[in-house]
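Okay, thanks for squeezing me in. Let me put the model up and we'll walk through the fold and then the ligand site.

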Amino acid sequence: MLVVTTSTPDGDFGATVNAFTALTLEPPQVLVCLARTSRTRAAIEEARVFAVNVLAADQVAVARLFATAEPDKFSRLPVPVRRGATGVPVLDGALCTLECRLTDAIAKDTHIVLIAGVIRMRHDPMKTPAVFFRSRLYEGFGAAAGPEEGDWAAAAFLSAQGS
Ligand SMILES: Cc1cc2nc3c(=O)[nH]c(=O)nc-3n(C[C@H](O)[C@H](O)[C@H](O)COP(=O)(O)O)c2cc1C
């Protein structure tokens, strides 16, 4: 799970996101899709910089908090916040953090596709990710996968191969 964060003179903003992907490696670029109605989306277009915080397995509560419409999510945050090189809020304890500079904002129906260059990246190789699967948040892969899930995935794969 991811939380995108940014900062404007009106304060800090952040939203839980799963519509994220790497775009190109050279140059390093990513994209995030945010609803037009998202306050974080408006703040990112104003600030032109943001952070992508890839949440660690023990940060499911953070994903829940940033998925709400609370006016000041940062005051209820259970983890410390640091400032990145561009002044954006960076969540402590994340698996990985990318600091990004917005280059393009492309409107597509209800959402805006935000394309950004990656300025810097920090990664903690000892951590594993919080996972969103079948409409539920999980503290890592282990809690989600049981034998039934494994069988289902294998069956779908074999069926796609024509077996
Ligand atoms: C698991 C999960 C994934 C989400 N992914 C996205 C997403 O990719 N894009 C988006 O616009 N909203 C997404 N949301 C919804 C936002 O987090 C939610 O609308 C939030 O209240 C936006 O906050 P804001 O208005 O303060 O920016 C997701 C929510 C959850 C629980």
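So, let's start with one pair of residues: threonine 5 has alanine 51 in β5 as its bridge partner. That bridge belongs to a strand pair, β1, residues 2-8, with β5, residues 49-54, and the two run antiparallel over 4 bridges. Keep in mind, by the way, that this is a predicted model.

Now zoom out to the sheet. What order do the strands come in? Reading across, you get β2-β1-β5-β8-β9-β4-β3, an open sheet of 7 strands with antiparallel pairing. The edge strands are β2 and β3, the latter at 20-24, and each has a single partner, so one side of each has no neighbour in the sheet. From one strand to the next, the twist averages 35 degrees.

Then there's the helix. α1 lies across β1, β2, β4, β5, β8 and β9, and its angle to β1 is about 55 degrees. For orientation on screen, β8 is 96-108 and β9 is 111-123.

Okay, the ligand. Which residues come nearest? There are 17 residues around the ligand, and the nearest are Ala15, Ala19, Ser38, Thr40 and Ala67. As for elements, β2 (11-17), β4 (29-35) and α1 (39-47) are the ones giving two or more residues to that shell. β2 has the largest share, with 4 residues. So that edge strand of the sheet is also the top contributor around the ligand.

And the chemistry of the shell? It splits into 11 nonpolar residues, 5 polar and 1 charged. That's my tour, happy to rotate the view for anyone.

Note on methods
Residues are numbered from 1 along each chain as its sequence is written. This is a predicted model: local features need pLDDT of at least 70, side-chain atom pairs count only at pLDDT 80 or more; totals for chains, interfaces and linings use all residues. A residue is near a molecule or strand if its C-beta atom, placed from the backbone, lies within 6 Å of it. Ala, Val, Leu, Ile, Met, Phe, Trp, Tyr, Cys and Pro count as nonpolar, Asp, Glu, Lys and Arg as charged, and the others, Gly among them, as polar. Two strands pair if DSSP finds at least two bridges between them. Axes are lines fitted to C-alpha atoms, for helices over the stretch in contact, and angles run from 0 to 180 degrees between N-to-C directions. Two residues are in contact if their C-beta atoms, placed from the backbone, lie within 7 Å.
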